[in-house]
Amino acid sequence: MLLLLLRAASARAYSTVFFLSPSASYLTRWPVAWRTGEGVIDWQMGRWRQAPRPLGLLLAAILVGIVGRCDGGISSAYVRKAEKTIDMPLDSDVFRVPPGYNAPQQVHITQGDLDGTAMIISWVTEDEPGSSEVLYGTDENNLDLSAEGIYTRYKFYNYTSGYIHHCTISNLKHDTKYYYAIGIGDAIRKFWFISPPEVGPDVPYTFGLIGDLGQSYDSNITLAHYESNPNAQAVLFLGDLSYADKYPYHDNVRWDTWGRFVERNAAYQPWIWTAGNHEIDYAPELSIIHQSFQGETGIDDTLYQSLQGETIQFKPYTHRYWTPFESSGSTEPYWYSIKMASAHIIVVASYSAYGRYSPQFKWLEAELPKVNRSLTPWLIVLMHAPWYNSYNYHYMEGESMRVMYESWFLKYKVDVVFAGHVHAYERSYRVSNIAYNIVNGKCDPVPDESAPVYITVGDGGNLEGLATNMTQPQPSYSAFRESSFGHAIFEIKNRTHAYYTWHRNDDGNAVAADSMWFYNRYWQTAETTSAV
Ligand SMILES: *[C@@H]1O[C@H](CO)[C@@H](O)[C@H](O)[C@H]1NC(C)=O
Ligand SMILES: *[C@@H]1O[C@H](CO)[C@@H](O)[C@H](O)[C@H]1NC(C)=O
Ligand SMILES: *[C@@H]1O[C@H](CO)[C@@H](O)[C@H](O)[C@H]1NC(C)=O
Ligand SMILES: *[C@@H]1O[C@H](CO)[C@@H](O)[C@H](O)[C@H]1NC(C)=O
Ligand SMILES: *[C@@H]1O[C@H](CO)[C@@H](O)[C@H](O)[C@H]1NC(C)=O
Ligand SMILES: [Fe+2]
């Protein structure tokens, strides 16, 4: 079935889309002290170097054979958002600074260990360091426990961040409501969260999927719709947070506004982070020396080097958003795993080296066999750049990683892969494409019941606007695609069943524009997938 309604004349504003070469994979180095030390941490963290480009031209030549096929699923013509997407102005209500001197702001939490007995509490104080202590407890009026965190700062071009606090609270009881308080003096702020349930094979849990959120009016609607779901317990965030890098000098004030914007949810529910291309913040052109001394000669080499621009990748992201990467044996914050309820969640990094021999490759190779489907039946992978994407945006950017890892995903029967990056919605059938060996010509995706479903939810609503241009005809692997903003919900019922829905913004949270029952790949392979 193929529904193709071409909307010809509408002059839809779609601003620049970044095309980031998949071979631009880097390897960052991270001093151990950054995560283990106490007190102030220097903002010059880590050196970086460029990794070898392991995939390069070879993979660029591998084409998904979709040309000439026309037996795909549904291409919804419902482009709900035709007008330009703009960021909320700095004086918007959602960006308001909380009252009180040096009040904690941009509060957010994420799971702090492998199985959900720890939580990382993060916040920013603008005027002075203040306190990095978190008071917490299960009785709102008696926060009898406390933990001491650390704070860090960074500079980005001519921006200097506030004091970014991170405090891990541990030994939490499962499935328990905890209250916590941060800040001092007249600016103490209180929040709460419910700790994840004990990991087990039939533990139900409801995840929200949000990607490419940004801070536009549409982003605000996406977040509000997600929030209106009374069952959602944690957000699996698919990368591209603030889009601060779209502003001159990557104006990091927009990282601060984003932190204040999402606080209303991220302070109460763990958000599990995936790094996207808008987190890279690699800007060698932002050189103070180029600005001030352009054309002059005789500048000292060392000075020149030290002022060569913003070349430490992921600098704002890694200072602000921590991940519990060490507890899953990862050596970098960009790829890691956690267990939540009955799910084993693996986060992979589209913008870190993933070729053979790279740290991420070795980690994932060791990680997949560790997944115990008797304990965590659901195997979910998060990444930023999708492998199966039939829009004309970021086309095939995920291809080289697909070639590296797809056969593993089949071998270990991954249930579902969630990605962002493309600012639209798409869901695939269960397909694989691993038969190609350079000479056999077998490069078409084929139906495969061992394969995950690939879902792109890059439709959070950021200022770049919607991806509306789809490849035609719809490839056979694509079950449903639509250019609308929205979010998704993955609702695990037990070891065999999970219910998935996608909610386009215009209908609110109550209406599911696309939905599907997931039958677990390990526990219920006999049943096939069925779109409802
Ligand atoms: C940073 O530099 C830009 C360009 O010179 C300027 O517009 C902006 O106000 C500066 N920001 C700060 C915080 O100094
Ligand atoms: C953002 O959404 C919230 C919740 O719906 C609303 O209260 C607020 O006014 C919105 N702000 C803007 C700038 O749209
Ligand atoms: C997998 O999990 C089950 C259920 O918790 C447990 O009995 C079993 O020992 C685990 N297997 C391994 C290899 O750890
Ligand atoms: C859609 O993308 C294709 C491939 O990049 C391009 O040839 C075509 O002109 C685009 N169509 C529109 C309406 O932008
Ligand atoms: C698992 O959940 C599904 C959907 O709610 C239900 O139909 C099924 O009976 C459940 N299985 C068991 C063993 O409880
Ligand atoms: Fe992206």
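I will go through three ligand sites in this predicted model, starting with the iron.

On conventions: the model is predicted, local features need pLDDT of at least 70, side-chain atom pairs count only at pLDDT 80 or more, and totals for chains, interfaces and linings use all residues. Residues are numbered from 1 along each chain as its sequence is written, chains are lettered from A and ligands numbered from 1 in the order written, and side-chain values use heavy atoms, leaving out hydrogens and water.

The iron ion, ligand 6, has as protein donors Asp240 (OD), Asn277 (OD1), His384 (NE2) and His421 (ND1), at 2.1 to 2.2 Å. Donors are N, O and S atoms within 2.8 Å of the metal (3.2 Å for Na, K and Ca); water is not among the atoms, so sites may look incomplete. Along the chain the donor spacing is D-x36-N-x106-H-x36-H.

Two of these donors are buried (under 20% relative accessible area, 1.4 Å probe, protein chains only): Asn277 has 5% and His421 has 1%.

Next, ligand 2. Around it are Met88, Asp93, Val94, Tyr217, Asn220, Ala224 and Arg264, where around means a heavy atom within 4 Å. Asn220 has a polar side-chain atom 2.3 Å from an oxygen of ligand 2, and for Asp93 the corresponding distance is 2.5 Å; a polar contact is a pair of N or O atoms within 3.5 Å.

Last, ligand 3. Its surrounding residues are Asn372, Ser374 and Leu375. A polar side-chain atom of Asn372 is 2.3 Å from an oxygen atom of ligand 3.

Note on methods:
A polar contact is a pair of N or O atoms within 3.5 Å; within protein, one must be able to donate a hydrogen and the other to accept it, and residues adjacent in sequence count only if both atoms are side-chain atoms. Buried means under 20% relative accessible area, exposed over 50%, partly exposed in between (1.4 Å probe, protein chains only).
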